[in-house]
Protein chains: 2
Amino acid sequence: MALVVQKYGGTSVGTIDRIRNVARRVAKTYDEGNDVVVIVSAMSGETNKLVALANEMCEFPSEREYDVLVATGEQVSMSLLSMCLQSMGYKAKSYCGFQIPIVTDSVFSKARIEKIDDKKIREDLKSGTIIIVAGFQGIDKDGNITTLGRGGSDTSAVAVAAAIKADVCEIFTDVDGIYTTDPRIVPEASKMEKVSYDEMLEMASLGSKVLQIRSVEFAKKYGVVVHVRSSFNDNPGTLVTKEDADMEAVLVSGITYNKDEAKISVLRVPDKPGIAAKIFSPLSHANITVDMIIQNVSHEGFTDLTFTVPKSDFKKALKIVEETAKETGAASVTSDESIAKVSIVGVGMRSHSGVASKMFQTLSQEGVNIQMISTSEIKVSCVIDSKYTELAVRVLHEAFDLAKKDIKAE
Amino acid sequence: MALVVQKYGGTSVGTIDRIRNVARRVAKTYDEGNDVVVIVSAMSGETNKLVALANEMCEFPSEREYDVLVATGEQVSMSLLSMCLQSMGYKAKSYCGFQIPIVTDSVFSKARIEKIDDKKIREDLKSGTIIIVAGFQGIDKDGNITTLGRGGSDTSAVAVAAAIKADVCEIFTDVDGIYTTDPRIVPEASKMEKVSYDEMLEMASLGSKVLQIRSVEFAKKYGVVVHVRSSFNDNPGTLVTKEDADMEAVLVSGITYNKDEAKISVLRVPDKPGIAAKIFSPLSHANITVDMIIQNVSHEGFTDLTFTVPKSDFKKALKIVEETAKETGAASVTSDESIAKVSIVGVGMRSHSGVASKMFQTLSQEGVNIQMISTSEIKVSCVIDSKYTELAVRVLHEAFDLAKKDIKAE
């Protein structure tokens, strides 16, 4: 008997029939002798409908009220699931964020969980009750309704799992698990049995959209074993867990890519102390996240600064940078929206040399020019012309033998 | 400067544009120097949609979860109204039932308000904030979400007004106020300037659907002045308030009718102690509300019992009564679905004799046969053949001079 947290996303609870399917799966887990706590998202499309209402009401909806509005989505799905389980003869009880309570800070629309009281959940579990908790929402210390931001239900699930010390946090989704790369690009991509928190963090932030990055941080911090699996079948998915020896034996675990960024270069900036701060402060004030930053060695007192920003912020960023460039005496600003970032990720890199150079070599053999490089302990990212994205992902997947792993696993 | 509670029903907040209209009216009241607390219903149609989801999910939805589900309706409308007011430059803040808190008992779907904490409202009012409170919902002492039942937003409004000692509780609706009778039947029906709590109670329970009866009970208990008025214009509506000398001068204030009941007679029941209990207990166990009950004097140890039940419960009631009748040795059971109850209401009756006989005379002059009569201190009700309803209402309205009042008022 285990204590299992299961999280079902918006697609899994998108219709009455799908909620019935979820109820059957929850009931099966319970019948197998487990204690079950379920975290649900809003029915798919529901949150968008609510957001549309807010946007129709006014251009800049109050953030406090926005959270009050969108939090209703999960309240609807959780009550329906609880009704369904009760009609099947199970004890079930739903809880909003405020009822647990899931206490967050007061940053509306992207609140962070600070504390989860496990008292009510523990009591209900003792009486054999299946508990359903609204994902995505919480309450701040002043009693205001807060939400965790899009995808926040993953974080709710992992945080609840941490609070009640669950044996596993199962994240049900519409894919079978985490793949070595995007199977739409590389059909031979294989499902990973296991992936470490750090690898998952690199992959999540680099464009794999299976798990919300904050939920992985939470899982890592509290050692929650996360099982990403399909809500459409019973196949085992991918375990996101602590590193082990197995994982380090593998050089590279996965290849990711991201086409959502654009590149801006400030050319011939006078290389004086404080110049980087001068250029990046206005961007940070405008809430624009700068990702990769490259500053080359200085020539004759001048340097070039290149960095990437989200495409959605590109125009705004460019305008700001052009103004700052003038003030700092830079020669010019260039930009490129047709770039992609391709990355290799793997904890095995730490103990193996030559991984980066193998990546560069592989790309150059295909005539793919590398525009920017950035590295961390467990990943290497290259910015390339976006038209080569699929090619780059394919050749890297092959070069690092990722398709083979599936054969080993079988 | 006054402390004003305003309640807007589902039609008034039914679309984004209508919510904007409500915001303008609220803002106007605020700009005139008043403190304003607004109670809102769910957007019209929204509650029905949620109820339909519950019914699609299962035949008998859990009552606790049903309340969790339908309570989202008011949460949506209150947040939208608050957003709108803020976008117009006003300070505004919305509160769910649990946030105030509005504490109720634990009878899901028809909870009763037990206590309202006025602390947050008072603090916000001090800072010049317009407060929006979700109608219809509360929270029980165990932290469960509860709802007050259909029309409960009126009760929320009056209860909040009582808790904060508001000067007036304005109920905005789609009619101009309370009329002496249904204007669809009697075009000369006049709007009453004032009506007493007791008269309103009799009229509400007798079929006038403007104000929820529990809200009137609440208003009477705490002396809240209720102003029923139109959300489509600025005309004064009808004040529901304590009796005063003016009111007693008027013999009859209004004529109401109700076609939603059916009549059942148990004939030749042995007239023994406990016989009424025997007949009515099974009905009460089946949750069927019995309205008028008439038992005639006994003849040779037998009596006839006649009573009315809601038409929606008629078949169920008839089946139960037929069984009980057999057991008690009654001769037979007859029933009639085509009846109507016509009533005259007025506090003036207390100090005037002859009101009832004037009613009977008026009906008989038109050849309307009276099947049952029941009286209270301030009303007389007659059950008649439903085909005479409109005729009866018209002649009674004329007989008691109700059309004239409007001329006086102008």
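Does Thr29(A) count as buried or exposed, and at what relative accessibility? In this predicted model, Thr29(A) has a relative accessibility of 10% and therefore counts as buried, the cut-off being under 20%. The residue is found in helix 1 of chain A, which spans residues 16–31, and its side chain reaches the backbone oxygen of Arg25(A) at 2.9 Å. When neighbours within four places in sequence are left aside, Thr29(A) is in contact with Val4(A), Gln6(A), Asn34(A) and Val36(A).

Chain A contains an open sheet of four strands, arranged in the order 15-16-14-17 with antiparallel pairing. Strand 15 (293–295) and strand 17 (332–336) of chain A stand at the edges, and because each has a single partner strand, one side of each is left without a neighbour in the sheet. From one strand to the next, the twist of this sheet averages 15°. Three bridges connect strand 15 of chain A with strand 16 (residues 302–310) of chain A in the antiparallel sense, and Ile293(A) has Phe307(A), in strand 16 of chain A, as its bridge partner. Two helices lie across these strands: helix 10 (residues 275–285) of chain A crosses strand 14 (261–270), strand 15 and strand 16 of chain A, running at about 20° to strand 16, whereas helix 11 (residues 314–328) of chain A crosses strand 14, strand 16 and strand 17 of chain A, running at about 0° to strand 14.

In chain B, eight strands form an open sheet of mixed pairing, in the order 3-6-2-1-9-11-12-10. The edges are taken by strand 3 and strand 10 (194–196) of chain B, each of which has a single partner strand, so that one side of each is left without a neighbour in the sheet. The twist averages 20° from one strand to the next. Within this sheet order, strand 11 (residues 226–230) and strand 12 (residues 238–241) of chain B run antiparallel and are joined by three bridges, with Val228(B) standing opposite Thr238(B) of strand 12. Helix 4 of chain B packs on the sheet, where it touches strand 2 (35–40), strand 3 and strand 6 (130–134) of chain B, and its direction makes about 175° with that of strand 3. Helix 5 (residues 119–126) of chain B lies across strand 1 (3–8), strand 2, strand 3 and strand 6 of chain B, and runs at about 130° to strand 2.

Over all chains, the structure holds nine aromatic pairs. One of them is formed by Tyr30(B) and Tyr90(B), whose ring centres are 5.7 Å apart and whose planes stand at 90°, so the pair is edge-to-face. This pair links distant parts of the chain, 60 residues apart, since Tyr30(B) belongs to helix 1 (residues 16–31) of chain B and Tyr90(B) to the loop between helix 4 (72–87) and strand 3 (92–95) of chain B. Tyr30(B), at 24% relative accessibility, counts as partly exposed, whereas Tyr90(B), at 18%, counts as buried. Phe280(B) and Phe307(B) also form an edge-to-face pair, with ring centres 4.9 Å apart and planes at 75°. Here Phe280(B) in helix 10 (residues 275–285) of chain B is linked to Phe307(B) in strand 16 (residues 302–310) of chain B, 27 residues apart, and both residues are buried.

Contacts of charge with ring also join the two chains: Arg64(A) lies over the face of Tyr95(B), at 5.6 Å from the ring centre, and Arg64(B) lies over the face of Tyr95(A), at 5.6 Å from the ring centre.

How values were computed: Residues are numbered from 1 along each chain as its sequence is written. Chains are lettered from A and ligands numbered from 1 in the order in which they are written. This is a predicted model: local features need pLDDT of at least 70, side-chain atom pairs count only at pLDDT 80 or more; totals for chains, interfaces and linings use all residues. Side-chain values use heavy atoms; hydrogens and water are left out. Rings of Phe, Tyr and Trp (its six-membered ring) pair if their centres lie within 6.5 Å; planes under 30 degrees apart count as stacked, over 60 as edge-to-face and the rest as tilted. Buried means under 20% relative accessible area, exposed over 50%, partly exposed in between (1.4 Å probe, protein chains only). A charge sits over a ring if NZ of Lys or CZ of Arg is within 6 Å of the ring centre and within 35 degrees of the ring normal. Two strands pair if DSSP finds at least two bridges between them. Axes are lines fitted to C-alpha atoms, for helices over the stretch in contact, and angles run from 0 to 180 degrees between N-to-C directions. Contact means heavy atoms within 4.5 Å. A polar contact is a pair of N or O atoms within 3.5 Å; within protein, one must be able to donate a hydrogen and the other to accept it, and residues adjacent in sequence count only if both atoms are side-chain atoms.
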